[in-house]
Number of protein chains: 4
Amino acid sequence: MNKREVHASVKDERLVIKRRNQMIKGAVSLFKEKGFHRTTTREIAKASGFSIGTLYEYIRTKEDVLYLVCDSIYDQVRDRLQKDLDQTEGTLESLKLGIANYFKVMDEMQDEVLVMYQEAKSLSKDALPYVLKKEFEMVSMFEDVIRRCVENGELALTDKQVEFIAHSIVVQGQMWGFRRWALQKVYSLDEYIELQTELLFNGIRGG
Amino acid sequence: MNKREVHASVKDERLVIKRRNQMIKGAVSLFKEKGFHRTTTREIAKASGFSIGTLYEYIRTKEDVLYLVCDSIYDQVRDRLQKDLDQTEGTLESLKLGIANYFKVMDEMQDEVLVMYQEAKSLSKDALPYVLKKEFEMVSMFEDVIRRCVENGELALTDKQVEFIAHSIVVQGQMWGFRRWALQKVYSLDEYIELQTELLFNGIRGG
Amino acid sequence: MNKREVHASVKDERLVIKRRNQMIKGAVSLFKEKGFHRTTTREIAKASGFSIGTLYEYIRTKEDVLYLVCDSIYDQVRDRLQKDLDQTEGTLESLKLGIANYFKVMDEMQDEVLVMYQEAKSLSKDALPYVLKKEFEMVSMFEDVIRRCVENGELALTDKQVEFIAHSIVVQGQMWGFRRWALQKVYSLDEYIELQTELLFNGIRGG
Amino acid sequence: MNKREVHASVKDERLVIKRRNQMIKGAVSLFKEKGFHRTTTREIAKASGFSIGTLYEYIRTKEDVLYLVCDSIYDQVRDRLQKDLDQTEGTLESLKLGIANYFKVMDEMQDEVLVMYQEAKSLSKDALPYVLKKEFEMVSMFEDVIRRCVENGELALTDKQVEFIAHSIVVQGQMWGFRRWALQKVYSLDEYIELQTELLFNGIRGG
DNA sequence: TATGAATGAGGATTCATTCAT
DNA sequence: CATGAATGAATCCTCATTCAT
């Protein structure tokens, strides 16, 4: 169940990928602006640079576009994280760096991430699991890093705590984008990272 | 700008309130099930117990329903919190209790809160500020409590830290509902509160 | 299974009947001209004297229109026949009159009958049986008349022969409309009736 | 006006014939299943074993396919009849055999014949006459046989009666396929032929 | 006030046909 | 000759909103 196939009438695999990338790019910017429901398929086609007929050569339903968009965003986020988190050696310092890096990714991709989280609920019962799975994967990446710290004796945490903290980190990263109207007026990204790290490591009472 | 007026053709104030409450109740359960966009005005009228014609005696557009729903949910959440947070005396213990109470409210109202956050983006540029303002208010309520702790010397925090922590608390409460598919399978509410409090107060490294 | 219900959003039964009659009238003349598939729902609405939205208050799908049309034509044909065939007393003379009358009905309604037989195949698996049933009924009406002649000793026929002859009569009546391009150029209706009766009663070799 | 030319871009006559035969075969089975309108040109191409582009090298419009199909079916029916009817010597016995043979052909080709009669109406004003002409030819073949019987003194019929009877025979043959849902459940083909012959020759009152 | 029939702009999707390779 | 990607007009159907009763 790693990927949900989206049917294309066109056979040339290379072309399918190319056109879908055009599509995703066009769709993201439209979804960003007006949301999935308020965006018409014609607008998507136009923003993608081809006709409505051509659009439907590469998907079966409008919802397919949303799925492709979500799928693609997750893949981008994950790729950017993986490179980083894989190298951590299980020290608190590298955990901190991992978190900071994640927050930076979430800053750069905040539009995409916002789109994904706000529209994912419009996916059919059929497609949703594939997207949730990706969210789980992201949490897992942090779990792994934290667990390595535990194994190294740098932290003393139960499994449940590890999972919980991983969720917390992921959510706090998303929060930067979701609450930009509040946070980004008050804090710079670096400040936000600093505050988050401080709170996460030392709690309210400070170190 | 405390409330945005939603026009009603009907003059009898008492009736307007009664009908709108019917409306909100019906709409919330529909939005919960299928989202704002997939819900039709006819369905809302039916779920509210009156005809489509009558529905439009109490609102001007479909979006008005969404605004009323969001507005109402916020009011409920705030009412339930205020009672509690107002009494805190500025001790860490009472802060903890306030947080626990907030999490419980978010648990009980998770469906409504979910609806509100997922659909609020569909509000027009016109209505959005009124809703965001309420979100600010909620954050402020926690800020006040924390600030009282600072004033009492129980905590040493800058203003920016106070605001940041208030945001964090609010978000972590919402997280319980948003990520229920992950969290509520693993933790009980009490466990979740325990973990959150522990992390918030002492950080990753424990007390 | 006497009637297949076609859903209407409008509740006023009287109005539903009135609007559907407008609809059937408009649709028949369009189907006559260009067939079911080449007729658009907008054209049907226009020909019926109301808007496309209103059309869909009285049906669910385009196919419903076809079903209503077929259903209505059958009902008209049957009503006109029944009056007549019911009174026959089981003499050859009254059988002849019944046949002549049937041919006259088929002449007057040839457009409708043509439409029905040419488009009925476009009905869904769901609706088809209801229409076939009516065709059976028509055959049965003739079977009854013939059987009465047999009972009276005017004819000596097995059951199978009776059924077969009834089918033959029905088909020859339809033939007048179906092959109008050939027959109606050569024969008047009365001539046609005369020839058919003669052939049916006495065969090729004449009396 | 013996044949209506259907334009092909391809010059090689042999190839044109070969490809069109593939096309007709594929199209008949599709039309049988879902009718002309519900069949897409892509499906026809696929069923024919070549691409949509190639299909359009051999026809100009979708309707051309229908014309070719109808034309081909008529040719087949006529070929099979002609062999037979040409040899009749103008006796009642050979007329009977001719009729029986025609009914057998109509039995074997009932699918094709059904398709042709149900879809022919979709032919344009342009193509229809060519198809009707073939129908006339078929009637003529029977007229000829009957006329020979008259010339031989085996039957006493006017010209109008001859034409009328020829039509009747043709229609009764088609009836076997059209009303298969009723007739073929009750009669075997041989029984049906027997009943038809008896009725045609002796009429209702028997010999 | 309450009702529900009427409206028609708007949206998703299909499919015959073309044309560059 | 063969292919199949591209096109966009055409079509079915929905649904927010209005208004006469």
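This briefing walks through one helix of chain C and the protein surfaces around two DNA strands. The model is predicted. Chain A carries a span that UniProt, in an unreviewed entry, records as "domain: HTH tetR-type" at residues 17-77. That span is 87% helix and 0% strand, and its end C-alpha atoms lie 19 Å apart.

**Helix α2 of chain C**

- Let's start with α2(C), residues 41-48, where Thr41(C), Ile44(C), Ala45(C) and Ser48(C) are buried.
- These four sit on the same side of α2(C) because they cover an arc of only 100 degrees around the axis.
- The spacing fits a familiar rule: an α-helix has 3.6 residues a turn, so residues three or four places apart point the same way.
- Arg42(C) and Lys46(C), on the other side of α2(C), are exposed.
- The packing partners of the buried residues of α2(C) are α1 (13-38), α3 (52-58) and α4 (62-85) of chain C.
- Just after the helix comes Gly49(C), with a positive phi of about 90 degrees.

**Around DNA strand F**

- There are 41 residues around DNA strand F, and those that come nearest are Arg19(A), Tyr58(A), Thr41(B), Tyr56(C) and Asp12(D).
- Of the strand F atoms that come within 4 Å of the protein, sugar and phosphate account for 65%.
- Tyr58(A) places a side-chain N or O atom 2.3 Å from a phosphate oxygen of strand F, and for the side chain of Arg19(D) the corresponding distance is 2.7 Å.
- Lys62(C) uses its backbone instead, with an N or O atom 2.9 Å from a phosphate oxygen of strand F.
- Helices that each supply at least two residues of this surface include α1 (13-38) and α3 (52-58) of chain A, and α2 and α3 of chain C.
- By class, the surface near strand F has 14 nonpolar, 15 polar and 12 charged residues.

**Around DNA strand E**

- DNA strand E also has 41 residues around it, of which Tyr56(A), Lys11(B), Arg19(C), Tyr58(C) and Thr41(D) come nearest.
- Sugar or phosphate makes up 64% of the strand E atoms within 4 Å of the protein, and the rest belong to bases.
- Side-chain contacts to phosphate oxygens of strand E include Tyr56(A) at 2.5 Å and Arg19(B) at 2.8 Å.
- A polar backbone atom of Lys11(C) lies 3.1 Å from a phosphate oxygen of strand E.
- Among the helices that each supply at least two residues here are α1 and α3 of chain C, and α2 (41-48) and α3 of chain D.
- The surface near strand E comprises 14 nonpolar, 15 polar and 12 charged residues.

How values were computed:
Residues are numbered from 1 along each chain as its sequence is written. Chains are lettered from A and ligands numbered from 1 in the order in which they are written. This is a predicted model: local features need pLDDT of at least 70, side-chain atom pairs count only at pLDDT 80 or more; totals for chains, interfaces and linings use all residues. Side-chain values use heavy atoms; hydrogens and water are left out. UniProt positions are given in the numbering used here, feature names are shortened, and annotations may be inferred rather than shown by experiment. Buried means under 20% relative accessible area, exposed over 50%, partly exposed in between (1.4 Å probe, protein chains only). The arc is that of the directions from the helix axis to the C-beta atoms. Contact means heavy atoms within 4.5 Å. A residue is near a molecule or strand if one of its heavy atoms lies within 4 Å of it. A polar contact is a pair of N or O atoms within 3.5 Å; within protein, one must be able to donate a hydrogen and the other to accept it, and residues adjacent in sequence count only if both atoms are side-chain atoms. Ala, Val, Leu, Ile, Met, Phe, Trp, Tyr, Cys and Pro count as nonpolar, Asp, Glu, Lys and Arg as charged, and the others, Gly among them, as polar.
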